[in-house]
Number of protein chains: 2
Amino acid sequence: MKINTKHARESARDYALRVLKENILSLDLVPGSAISENELAAQLGISRTPVREAIIELSKAYLIETYPQRGSFISLIDPKMVGEARFLRRITDTAVIETACDEADEEGIRQLEENVTLQEFYLSKGITDKIFDLDNQFHKAIYDIAGKDIIYEIHSTLMLHFDRVRTLSVETVKDFKVVGDHRKMLEAIKARDKVTAVELVNKHLNRYQIDEKEIRSQRPEYFKAEGGNRGEES
Amino acid sequence: MKINTKHARESARDYALRVLKENILSLDLVPGSAISENELAAQLGISRTPVREAIIELSKAYLIETYPQRGSFISLIDPKMVGEARFLRRITDTAVIETACDEADEEGIRQLEENVTLQEFYLSKGITDKIFDLDNQFHKAIYDIAGKDIIYEIHSTLMLHFDRVRTLSVETVKDFKVVGDHRKMLEAIKARDKVTAVELVNKHLNRYQIDEKEIRSQRPEYFKAEGGNRGEES
DNA sequence: AGTAGTGTACTTGTATACTAGAATATCTTT
DNA sequence: AAAGATATTCTAGTATACAAGTACACTACT
């Protein structure tokens, strides 16, 4: 588990939450592994209370499973959860990009331009680390343009189910067609072409679905059994 | 504030969370009013810790606003929040009812039938208290049929922004056309008629938008200033 | 050797103590 | 009387103590 330092005005709870999210996303916290409130508190140099509060929040998003008096565990990648997250992302992204086509002003488009330019720059240089963050920022910018920033934030934790798979996708597939997708989306928004924009979003999200099958065969131990007895253990 | 008794195997945290949600929904906790962790803990007969954990969860959903060392307050009804919640509900409900048209089996339809029959029964008897719960159960049943139960649960707390307005709607408008909407939705699902189903959902949700303006004029003190300086206070 | 039983070392859930800061009332000073 | 300083009393944030239950290893007995 990788532990970054605590920011200046960051509360202990936000610190614990940030570290946990980062490590779940990067899979440094391996799906299925146990996490101890006491141990994590010691590692972060804070007390159990804020650590516990962070764990509770992630439990609400099904990223951690807590069993009273037994322990807390990083959730396995659950195809049903990933599927629901993708479903939700698909319908929300498409509706939001339609709104963005209507609402986009010069400033919004400039921000998207800057972002995509950077993605293309880093891709050409082979610095792929940055693209993941830029990808998220690109989508957040579209939500901001559409005036749906709360929805983005509410969904962001849930989308970690999805983003975790993307992390593996980047590791294994090394496919950056997504940057081209973003360029095309931007052009569609500039042209206020809703039909094309929605098509692009759907195509964009289909990429990850294809990846998932490949990843699953490579790392079966990270995944929950498909269609198996959900939540039950012997 | 109305305080129901604690259930048998319910944790202190879940108890606090349930009581808070019930009172926010019913507006017995008035928008803008202060809530004290200590006071609430005393009223519920539990300690501050689980109360605090419940408050944190509701803060994450913007139903409570917490200012460190100053206090926590029930959020005013924020037109932007309600708007985003309605937007999210509209796109999610429409996508889910389409899926439900495809996936509905006999058992699912039977459950919807039972629910709508009860709604019609209570409406004819004038027992309108029950209809609110049945309404929610009806929509949850559609999500279950579509295999999107996690999405329903994730959104349920956020939808309190919306449901709060519905509470006022029931109080002031006394309009139960919604029961007829539900009957028609059920028939559309039985006929697997996606186009009609989606139309009905949109029409259904439009009702609340109309109500909101009327309510706002009656209870302006519950609402945040529209388009005003968001989040700022003098 | 095998098995029942017990103790120990964990876990999370809850309660309480302490810290730091904000708001307000009161007292002092001008 | 008015204004400024100060003490008190709130608040939430964090740390720690205690309670209850699980899992497992070890012991003792058959």
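# A tour from helix α2 to the chain interface

Select Asn38(A) and Ala42(A): both are exposed (over 50% relative accessible area, 1.4 Å probe, protein chains only). These two residues sit on the face of α2(A) turned away from its buried side. Helices here are DSSP runs of H or I with at least four residues, strands are runs of E with at least two, and both are numbered from the N terminus.

Before going on, note that this is a predicted model: local features need pLDDT of at least 70, side-chain atom pairs count only at pLDDT 80 or more, and totals for chains, interfaces and linings use all residues. Residues are numbered from 1 along each chain as its sequence is written, chains are lettered from A and ligands numbered from 1 in the order in which they are written, and side-chain values use heavy atoms, leaving out hydrogens and water.

**Stop 1: the other face of α2(A)**

Select residues 37–44 of chain A. The buried residues (under 20% relative accessible area) are Glu37(A), Leu40(A), Ala41(A) and Leu44(A). Look down the axis: these buried residues fall within an arc of 105°, so they line one face of the helix. The arc is taken over the directions from the helix axis to the C-beta atoms. An α-helix has 3.6 residues a turn, so residues three or four places apart point the same way.

Now show α1 (12–26), β1 (34–35) and α3 (48–60) of chain A. The buried residues of α2(A) pack against these elements.

Check both ends. Ser36(A) caps the N-terminal end, with a side-chain oxygen 3.3 Å from the backbone nitrogen of Asn38(A). After the helix comes Gly45(A), with a positive phi near 75°.

**Stop 2: two domains in chain A**

Colour 12–74 as domain 1 and 79–221 as domain 2. These bounds come from an automatic or database domain assignment. The contact (heavy atoms within 4.5 Å) takes 11 residues from domain 1 of chain A and 10 residues from domain 2 of chain A. The C-alpha centres of the two domains lie 27 Å apart.

Between them, about 980 Å² is buried, and carbon and sulfur atoms give 71% of that. Buried area is the accessible area (1.4 Å probe) that two parts lose on being put together, summed over both. Select Leu25(A), Leu27(A) and Leu63(A). In domain 1 of chain A they lose the most area to domain 2, together 49% of what that side buries.

Salt bridges (a side-chain nitrogen of Lys or Arg within 4 Å of a carboxyl oxygen of Asp or Glu) number 0 between these domains.

**Stop 3: chain B against chain A**

Show both chains. Here 28 residues of chain B are in contact with 29 residues of chain A. The buried area is about 2,600 Å², of which carbon and sulfur atoms give 63%. Pick Glu84(B), Phe87(B) and Ile150(B): they supply 22% of the area that chain B buries against chain A, more than any other three residues.

Across this interface the rule finds 6 salt bridges. Zoom in on Asp149(B) and Lys80(A), which form a salt bridge with the closest N and O atoms 3.1 Å apart. Then select α1 (12–26), α3 (48–60), α4 (79–103) and α7 (149–156) of chain B. Each supplies at least two residues of the side that touches chain A. The largest share, 10 residues, comes from α4(B).

**Last stop: Glu37(B)**

Go to α2 (residues 37–44) of chain B, where Glu37(B) is found. Glu37(B) is buried, with a relative accessible area of 16%. Leaving aside neighbours within four places in sequence, Glu37(B) is in contact with Arg48(B), Val51(B), Arg52(B) and Ile55(B).

Terms used
A polar contact is a pair of N or O atoms within 3.5 Å; within protein, one must be able to donate a hydrogen and the other to accept it, and residues adjacent in sequence count only if both atoms are side-chain atoms.
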